[in-house]
Amino acid sequence: MGQLLIINADIDKSETTAALINAYKSGATTSQVMIKELIIADMKFNSNRQFSLHATENEPDLQQAISLLKWAKHIAIFCPVYKDSINTKIKGFFDRVFMPDQVFISNERSTMNHFGGRSARIISILDEPAWTDWQANKHPTYLAIKKNMLEKRQITPVHTSTIGHLYSLENEYSKKWLQKLHSFGLKLI
């Protein structure tokens, strides 16, 4: 049985993101995958590490997040992108959890490798059509999370999906993505 951690990185906890997550979870449930969810908007932590000469304990929510990441065999990150950037709390979460010498200050030097053997999928949800975003930026916004956070921690493969703005959950574009996410969840065995 697989172990899936869904990271909801939608600060607004929107209906659209919830529908996409539910489609993914539905497929994973059909595949009898164990699922746990982490909602960053509900977490309490300082997004900027307070540096000092003495290592301090991480906030309880970050400790729980690290435990869940170590538990998971597959990580699905649902991350809305607003005007070409990711919310500062989301950036802070990734900085605190994945960057060396922040969460990973410990006597255990191999801590950074605890994430090897996992796979991930980043679902980037844009506030504009995907093609418009690509024309403006020429690179996806999730690239920093994929390369600097996940792949550097030996989480591979990291699959990505970029969903343009969903004006409604009832149009054909939205229905297509809901079905795709369901099928991604089915393939997690």
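A crossing of two helices is left-handed if the near helix is turned anticlockwise from the far one by less than a right angle, and right-handed if clockwise. Keep that handy; the model you're looking at is predicted.

**Exercise 1.** Work out which way H1 passes H6 and which residues make the contact.

*Solution.* Start with the axes: helix H1 (residues 15-30) and helix H6 (residues 172-186) come within 6 Å and cross at roughly 35°. Next, the hand: H1 passes H6 in a right-handed crossing. Now pick out who touches whom: H1 brings residues including Ala19, Ala23 and Gly27, while H6 brings Trp177, Leu181 and Gly185, among others. Last, sort the contact residues of H1 and H6 by character: 10 are nonpolar, five polar and none charged.

**Exercise 2.** Trace the sheet and say which strands are its edges.

*Solution.* Begin with strand S1 (residues 3-8) and strand S2 (residues 34-39), which pair in the parallel sense over six bridges. To check the register, find isoleucine 7 opposite leucine 38 in S2, and glutamine 3 bridged to methionine 34. Adding H1 to S1 and S2 gives a right-handed β-α-β unit. Then go wider: the open sheet has five strands in the order S2-S1-S3-S4-S5, with parallel pairing. Its edges are S2 and strand S5 (158-163), each pairing on one side only. From one strand to the next, the twist averages 15°.

**Exercise 3.** Find where pLDDT stays under 50.

*Solution.* First take the whole chain: mean pLDDT is 82, and 78% of residues reach 70 or more. Then zoom in on residues 101-109, where pLDDT stays under 50.

Methods: Residues are numbered from 1 along each chain as its sequence is written. This is a predicted model: local features need pLDDT of at least 70, side-chain atom pairs count only at pLDDT 80 or more; totals for chains, interfaces and linings use all residues. Side-chain values use heavy atoms; hydrogens and water are left out. Axes are lines fitted to C-alpha atoms, for helices over the stretch in contact, and angles run from 0 to 180 degrees between N-to-C directions. Helices (H or I, at least four residues) and strands (E, at least two) are DSSP runs, numbered from the N terminus. Contact means heavy atoms within 4.5 Å. Ala, Val, Leu, Ile, Met, Phe, Trp, Tyr, Cys and Pro count as nonpolar, Asp, Glu, Lys and Arg as charged, and the others, Gly among them, as polar. pLDDT is the predictor's confidence in each residue, from 0 to 100. Two strands pair if DSSP finds at least two bridges between them. A crossover is right-handed if, with the strands pointing away from the viewer, the path from the first strand over the helix to the second runs clockwise.
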